[in-house]
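Reader: I want the reasoning behind the labels, not just the labels. Take me through them one at a time.

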Amino acid sequence: MSTPPLAASGMAPGPFAGPQAQQAAREVNTASLCRIGQETVQDIVYRTMEIFQLLRNMQLPNGVTYHTGTYQDRLAKLQDHLRQLSILFRKLRLVYDKCNENCGGMDPIPVEQLIPYVEDDGSKNDDRAGPPRFASEERREIAEVNKKLKQKNQQLKQIMDQLRNLIWDINAMLAMRN
């Protein structure tokens, strides 16, 4: 996995490329940094699983005879994985610091404003009236659909009961005839 280049190397800037365009080319989008961070975390998890697999397969030097060549090979693989894991953690730290730097000027939005919900105690905030109203309308529509569904289910139950009684009566008449 490699990181995307921060600037086009070896290419001369165009005639309209000023210092602002060059600055924008060097900056990386925060969303792409988050994607890079996610991929790095996935690589860290994968490497860690490989390390545990190697450790599980390694024989401990507890007096049991083992092949030193195989042991040395597995030990070299383990050291290589640990070295790559430390590199991945350094890369993740750099991505994390850059994301925090890019998002430093943003005001954090409370979670309550991001999730539409209805409060039952009536203490609604006026600036959050949009999403809760949407949620209450949606809830009302769902309640109406559920009410109609219960009515249809009740009608089907009545029809099934009538059919069951009819079949019972027919079977009783057939039994009397025999």
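Reader: What makes the span of helix H2 close to the one expected?
Author: This is a predicted model. In it, H2 covers residues 30–57, which is 28 residues. From first C-alpha to last, H2 reaches 40 Å. The expected value at 1.5 Å a residue is 40 Å. The expected span is 1.5 Å times one less than the number of residues, so that is the value to set against the model.

Reader: What caps the N-terminal end of H2?
Author: Asn29 does. One of its side-chain oxygens lies 3.3 Å from the backbone nitrogen of Ala31. The limit for a polar contact is 3.5 Å, so this pair of atoms falls within it.

Reader: Which residues of H2 are buried?
Author: Ser32, Leu33, Ile36, Gly37, Thr40, Ile44, Glu50, Ile51 and Leu54. Their cover includes H3.

Reader: Why is His81 called buried or exposed?
Author: His81 has a relative accessible area of 11%. Buried means under 20%, so His81 is buried. His81 sits in helix H3, residues 68–102.

Reader: Which residues does His81 contact, leaving aside neighbours within four places in sequence?
Author: Arg47, Glu50, Ile51 and Leu54. Glu50, Ile51 and Leu54 are also among the buried residues of H2.

Reader: Where does Lys77 lie, and how far is it from Glu50?
Author: Lys77 lies in H3. Lys77 and Glu50 are 27 residues apart in sequence. In space they are 9.7 Å apart, C-alpha to C-alpha.

Reader: Why is Lys77 not called buried?
Author: The relative accessible area of Lys77 is 44%. Partly exposed runs between the 20% and 50% limits, so Lys77 is partly exposed.

Reader: How do you know that Glu39 and Arg35 form a salt bridge?
Author: Their side chains come to 3.1 Å, N to O. The cut-off is 4 Å, so the pair counts. Both residues lie in H2, 4 residues apart, about one turn of the helix. Glu39 is partly exposed at 26% relative accessibility. Arg35 is partly exposed too, at 40%.

Reader: What makes Asp97 and Arg93 a salt bridge?
Author: The N to O distance is 3.6 Å. That is within 4 Å, so the bridge stands. Asp97 and Arg93 are separated by about one helical turn because they are 4 residues apart in helix H3. Asp97 has a relative accessible area of 35%, so it is partly exposed.

Reader: And how do you know that Glu144 forms a salt bridge with Arg140?
Author: The closest N and O atoms are 3.3 Å apart. With the limit at 4 Å, the pair therefore qualifies. Glu144 and Arg140 are 4 residues apart in helix H5, about one helical turn. Glu144 is partly exposed at 40% relative accessible area. Arg140 is partly exposed at 46%.

Reader: How many salt bridges does this rule give?
Author: The count comes to 7.

Reader: Which residues make the nonpolar surface patch?
Author: Leu156, Ile159, Leu163, Leu166, Ile170, Met173 and Leu174. The patch is about 660 Å².

Reader: What makes Leu166 accessible enough for that patch?
Author: Leu166 has a relative accessible area of 48%. Patch residues need over 30%, so Leu166 passes. On the burial scale Leu166 is partly exposed, because 48% does not exceed the 50% limit for exposed. Leu166 lies in helix H5, residues 130–177.

Technical notes: Residues numbered from 1 in each chain as written. Predicted model: local features only at pLDDT ≥ 70, side-chain atom pairs only at ≥ 80, totals over all residues. Heavy atoms only, no water. Patch = residues over 30% accessible without salt bridge, like charges linked within 9 Å, V, L, I, M, F, W, Y side chains within 5 Å. Areas by Shrake-Rupley, 256 points an atom, 1.4 Å probe, with all protein chains shown as cover. Helix = DSSP H or I, 4+ residues; strand = E, 2+ residues; numbered from the N terminus. Buried < 20%, exposed > 50% of the residue type's maximum accessible area, 1.4 Å probe, protein only. Contact = heavy atoms within 4.5 Å. Polar contact = N/O pair within 3.5 Å; in protein donor to acceptor, adjacent residues only side chain to side chain.
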